[in-house]
Amino acid sequence: MAEKLANQPAHSAEFRFTEEQQQLRTAVRKFCADNFDEQAVRRLMESEVPFDAKVWHRLGSELGVLGLSVPEADGGVGGSLVDQAVAVEEFGATLACGPLFGTVFLAIPALVACPAGPARDELLAELVEGTKTAAFAVADKAGAFDPSAVTVTATDDTVTGTVARVVDAGAADEILVAATTSAGIGLYAVDATASGVTRTPLVTMDLTRPQAIVEFADAPARLLAGPQEAERVITHALQVGSALLAVEQVGAAQHLLDLSVDYAKSRLQFGRQIGSFQAIKHKLADMLVDLEHARSTAYHAVWALGDASDDPALAASIAQATASAAFSRIAADTIQVHGGIGFTWEHQAHLYFKRAATDAALLGTAEEHRSRVADMVLDTAVADADAARVATGFPA
Amino acid sequence: MSTVADADRVPDLARQVVADHDPKKVPIPEFLGACYDAGLSWIHFPEGLGGLGLSRGLQAVADGILQGAGGPVPLGLNPMGYGMAAPTVREHAQSDDLKKELLRPLATTEHIWCQLFSEPGAGSDVAGLATSAVQDGDDWVINGQKVWTSLAHRARWGLLLARSNPDAPKHKGLTYFVLDMHAPGVETRPLRQLTGQAEFNEVYITDARIPDTHRLGAIGDGWRVAMTTLMNERSALGASGSRRGGGTISDATSLWASRPDLQTLVLRDRLTQLWLKSEAQRLTSERSRASATVGGPGPEGSIGKMVGAELNQHIYEWCMDFLGPEGILYHSYAIHGANREGDWRGPIQQRFLRSRANTIEGGTSEVMRNILGERVLGLPGDLRADSGMPWKEIPRG
């Protein structure tokens, strides 16, 4: 699989998926069906370590889908971010358990953007291979880097401080953390099992996406990006993470729409399929429109980040604002279309509803991204006299 | 499939037309006639009928060159002609001679076309229409009333759907014709709408005669022929500009920028939501263009039509809320001059009023949601009280 992707042209035209990408989608879908069916997801989400390290390693080694856009020089396959997005969409559809958010969405893109060096190269290779996992302990402000939110300080080779609510930190092997030194903010890697690191798991609403509080007390740290580089590296990671998170939302939302449509065709009330009632049919039509809009904005962001064809901050915010709202609404309406069964623990709808609430809050809410879009497009809007022509009560 | 050679041939032909008939100098009909003769009017049509038999994807290449040189946008000059009549005539007219006779003056815009489907008693349920077509020798005799007919007062030809068999179930008793709008018994009256203008007409048809040679498709097959027309209408309405921030949303952002004194945080967020939806729909159109296979318009065009219509309304509602008391003035309800045919733009207030029609014309948003539900998602149809019933027994009112 990976070899085929490496031989594609570097950038394909926006929204045109290649034959290889279709094959990748099929392969990941099959792997997910075999390893992340609903039963497996339920078993893993209630385990102490909420993912299967063996399966994770297979994702990295056998399928090679954890670092698809990592350049060949860095031990990756040199595919595109579109390739990575295709795989992420399928993971989202099944709620594949594992540290995707910490490792694939954030840590790997951060490491790719870091200057090469022994600490970075070795860790990147291990994450791509799936032999280790990582969490990204950098507090963001609505999906953007905020130096004032950094709560950790660093000396030459240790870090100290506490980071709240770090996704995927509980079971991570390595933690990437932003820390302040006298020279500015740097990005460090910390062995999560080292002395001086305390992780306190939190009960999360979405059990498939765990969090922990991470406390560093003079914990040994390796510098990945110094003050000259850290902001660029972290910003890149957050933008890629935002685009991939949006794609995950699309995958999950598509699964829910399929589920709801199937149910509307098979559930009989008043002697007919409930999908024949316009109240249900029109709700499903609106879910379809929201989903298609989310898909367009998410993949636009993915393409734009891959080929610099658009302002990455704007494209990522458009995608996050659209996909978060769409997945949340689709998840809520899925429960509604299913009626009573959709509110039970036994039915899968709640797993996705909780993921929707979680994804909507991570890396900035729809409202925060909307606000950022407003800053970028409304504050720069230009008045056109004809477009803004207003009748004043005097006959034309 | 189009080849690389075709991809070169189309721009060559377009440049040749521009060189021989400079659109900035020659009259529009001459220029568009040259486009037709070169096969550039509808590239996917057969040669000799305004096309080259190539992929419709190449149309954009030709249009880019022709319009880039100052040529007109023909869909704007003869919308029902280019958007609906041409594909229907091309597919269903009885002879090539008739196709040629109708298509060339359509293409030059010397013959404007209109569409005679809706009736006072048949809106969303257009298959229930009552205008009768009775065969009399080699002719058909038509009686009935049509409504919401744009451009009927300027049209030379109308696309007419009429009932040829009232004993059949409603979809099976229809036959499709082209009606000479200058024929005796065809009377067009302006229909004033709530903006004060009269973009549309009522058409009264009394014992008008149509030769059988002007029937499109088989007797009783009018519904299937009409589908060709309607799917093209929806795709024409659903296509939108591809510039970020362009289209209707630019009216609102322009208004926003022109009046800093009226800006509030609440209106700012509402406008941003509308901007985002416009952008998401723009990208969705781009995506559906990118993934379009060869072939005609499909039901996914219904997304663009429905979203565009509702966005227009919400955007102008926003404009009115932004303007507050300044917005409740108007320019004129007089019905003359530009107001007769509808200055389609007008001031913001006129656009606000006009936008109410967007979710009705060309298929209501309720019908669009049925189409998305049934044809895209595969949901079951609603129960139909008139299913299988002879048309003449269906309750009407």
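What share of the contacts in chain A with a separation of 6 or more comes from residues 24 or more positions apart? The figure is 76%, and it is a handy way into this predicted model, which we can walk through one chain at a time before looking at where the two chains meet.

Let's begin with chain A. Its secondary structure comes to 12 helices and 11 strands. The radius of gyration is 22 Å, and the globule rule gives 21 Å for 396 residues, so chain A is as compact as a globular protein of that length. If you measure along the principal axes, the C-alpha atoms of chain A fill a box of roughly 70 × 65 × 45 Å. Of the 396 residues in chain A, 54% are buried.

Chain B can be read in the same way. Here you will find 13 helices and 8 strands. A compact globule of 397 residues would have a radius of gyration near 21 Å, and the 22 Å of chain B agrees with that. Its C-alpha atoms fill a box of roughly 70 × 55 × 45 Å along the principal axes. Buried residues account for 44% of the 397 residues in chain B. Among the contacts in chain B between residues at least 6 apart in sequence, 72% join residues at least 24 apart.

Now for the interior. In soluble globular proteins, nonpolar side chains tend to be buried together. In this model, the largest nonpolar core has 167 residues, and A:Ala110 and A:Val177 are the ones with the most contacts inside it. Helix 8 of chain A, residues 230–266, gives the most to this core, with 19 residues. To see the surroundings of A:Val177, set aside residues up to four places away in sequence: A:Val177 then touches A:Ala137, A:Val138, A:Val152, A:Val159, A:Val163, A:Tyr188, A:Val190 and A:Phe216. Apart from the largest core lies another one, of 64 residues, including B:Leu32, B:Tyr36, B:Ala86 and B:Trp140.

A single residue of chain B shows how distant parts of a sequence can meet. B:Leu353 lies in helix 12 of chain B. With 18 other C-beta atoms within 10 Å, B:Leu353 is partly exposed, because being buried takes 20 or more. B:Thr195 is 158 residues away from B:Leu353 in sequence, yet their C-alpha atoms are 5.9 Å apart in space. Beyond its neighbours within four places in sequence, B:Leu353 is in contact with B:Leu194 and B:Thr195.

Finally, let's turn to the meeting of the two chains. Here 47 residues of chain B are in contact with 44 residues of chain A. On the chain B side, helices 8, 9, 10, 12 and 13 each supply at least two residues. The largest share, 16 residues, comes from helix 9 of chain B. By class, this side of chain B has 22 nonpolar, 16 polar and 9 charged residues.

Helix 9 of chain B also takes part in a crossing that is worth finding on your screen. Its axis and that of helix 12 of chain A (residues 366–377) come within 9 Å and cross at roughly 85°, so these two helices are roughly perpendicular to each other. From helix 12 of chain A, the contact is made by A:Arg370, A:Val373, A:Ala374 and A:Val377. Helix 9 of chain B brings B:Arg268, B:Asp269, B:Thr272, B:Gln273, B:Trp275 and B:Leu276. By class, this contact has 5 nonpolar, 2 polar and 3 charged residues.

Definitions and conventions. Residues numbered from 1 in each chain as written. Chains lettered and ligands numbered in written order. Predicted model: local features only at pLDDT ≥ 70, side-chain atom pairs only at ≥ 80, totals over all residues. Contact = placed C-beta atoms within 7 Å. Helix = DSSP H or I, 4+ residues; strand = E, 2+ residues; numbered from the N terminus. Nonpolar A, V, L, I, M, F, W, Y, C, P; charged D, E, K, R; others polar. Axes fitted to C-alpha atoms, helices over the stretch in contact; angles between N-to-C directions. Parallel < 35°, antiparallel > 145°, perpendicular 65-115°, else oblique. Buried ≥ 20, exposed ≤ 12 C-beta atoms within 10 Å, placed from the backbone. Core = buried A, V, L, I, M, F, W, Y, C linked by C-beta atoms within 7 Å. Rg over C-alpha atoms; globule rule 2.2 N^0.38 Å.
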